[in-house]
Amino acid sequence: MNTIRMGIVGAGSIGELTAIDLSRHPNVDLVAVADANEKRCLQLAARLDVPHAFATAGDLFAAELDAVYIAVPNAMHATLAKQALNTGLHVMLEKPFALNLEEARSVADTASRTGNTLIVGMNQRFERNVQRARALVAEGALGEVYHAKAFWRRRSGIPRIGSWFTDRASAGGGALLDIGVHMLDACLFVLDNFRPLSVSGATYTRLGNRGIGDGTWGSSEREHRHFDVDDFTTALIRLEGGVTLSLDASWALHQQDANDQEILLYGDEAGASVYAHRHYRFGAQGEYHIIEGAREGAIAYAHCNRAQHFVNVLLGEEQPAVTVEQALTVQSILDAIYVSAQTCQEVRL
Ligand SMILES: NC(=O)c1ccc[n+]([C@@H]2O[C@H](COP(=O)([O-])OP(=O)(O)OC[C@H]3O[C@@H](n4cnc5c(N)ncnc54)[C@H](O)[C@@H]3O)[C@@H](O)[C@H]2O)c1
């Protein structure tokens, strides 16, 4: 398979950006795009010179393709991914994997039965500093990492109040499923620990439901009058080996910074800010060092791009960076956070 004939399902905000990334791979032929919205569909097809534009994913799956990238509202992830896999296509599916673990498992089972490649497109793993941090943790540069704080907190960054993002039936959840999932996945990847033991979480809907915290992301129409998802979620996750992970995700929050996104690692030899690529440790005389980008960890994916990676996997040049098992584990933690928030109890996994 030297040329991968690709289809794009969903010509919205991320669909467009990822289609551009895919089009830059020398072995990709973008053959078709599908979107329920005719205008967005035709615009993307024209922009990237894609010959076929379809109103439905089903029509696109019937075209002569090797693989598809699916970027539609979360409620359609599982159905469309299974349909594509059953048609014989390889799939890169947007995050979150699905609305819940049961759905995600059904997609994973379909991938395993059909033998087609399924990758959940977690892009934060390809960030250069995330890859570096993973290498440094693996080589023991921080000693034993016993606690991590992962957060993505936006002051006013709800993806368009009233769009599918803020409707539980279409999205499954709010800030946690939209941006919390990124930090959770990236943190487990850096720690190389996908072995959760228990989860305690709390979710809040305090600002978005009052029309506060609107942002600009997303292309879909504002068609809903309610806001019934979390605009802030916090959780404590216990991992095997005595490691704890504290996770915060907000779309809207009274805070000083407009946007702060970080993973802080606390080891018994050193600490680190992953995205800032900064390390902290005591020196020989007890003095304290803050080291800016001093240690260069190895980069596993120099292209730093999930779209390039997906194609390289199909070409047999790279192994999947995001395994289906890992994606299921992340989904199980997301589910547990929502259950814990509802029941006010810790959930054991
Ligand atoms: N990896 C990332 O960083 C990232 C960033 C943003 C969004 N996402 C994910 O990508 C997906 C899409 O998000 P977005 O920001 O592009 O949303 P969006 O609202 O901008 O776009 C969604 C598109 O899907 C289309 N659509 C809806 N139903 C469809 C159907 N049945 N068939 C075909 N097209 C359909 C809509 O018309 C719209 O154009 C979501 O699952 C979201 O969680 C991932």
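Begin by selecting the shell around the ligand in this predicted model: by class, this shell holds 10 nonpolar, 12 polar and five charged residues. Among the 27 residues around the ligand, highlight Gly12, Ser13, Glu94, Ser219 and Ser220, which come nearest. Next, display helix α1 (residues 13-23), the element that gives the most to the shell, with three residues. Colouring the chain by domain then shows the setting: domain 1 (4-120) and domain 2 (125-300) both give residues to the shell around the ligand, so the shell lies between them.

Proceed to the interior. The largest nonpolar core comprises 110 residues, and those with the most contacts inside it are Met6, Ile70, Val91 and Cys187. Select helix α8 (residues 175-191), which contributes the most to this core, with 13 residues. This core, too, lies between the domains, because domain 1 (4-120) and domain 2 (125-300) both give residues to it.

Centre the view on Val91. Leaving aside residues up to four places away in sequence, Val91 touches Ala67, Val68, Ile70, Ala81, Ala84, Leu85, Asn116 and Leu118.

Three of the names just shown lead to the next selection, helix α4 (residues 77-86), whose buried residues are His77, Ala78, Leu80, Ala81, Ala84 and Leu85. In an α-helix there are 3.6 residues a turn, so residues three or four places apart point the same way. Against which elements do the buried residues of α4 pack? Their partners are the strands β1 (4-9), β4 (67-70), β5 (90-93) and β6 (118-120), together with the helices α3 (57-61) and α5 (101-114).

Finish at Gly88, which follows α4 and has a positive phi, near 100°.

How values were computed
Residues numbered from 1 in each chain as written. Predicted model: local features only at pLDDT ≥ 70, side-chain atom pairs only at ≥ 80, totals over all residues. Near = placed C-beta within 6 Å. Helix = DSSP H or I, 4+ residues; strand = E, 2+ residues; numbered from the N terminus. Nonpolar A, V, L, I, M, F, W, Y, C, P; charged D, E, K, R; others polar. Domains from an automatic or database assignment. Core = buried A, V, L, I, M, F, W, Y, C linked by C-beta atoms within 7 Å. Buried ≥ 20, exposed ≤ 12 C-beta atoms within 10 Å, placed from the backbone. Contact = placed C-beta atoms within 7 Å.
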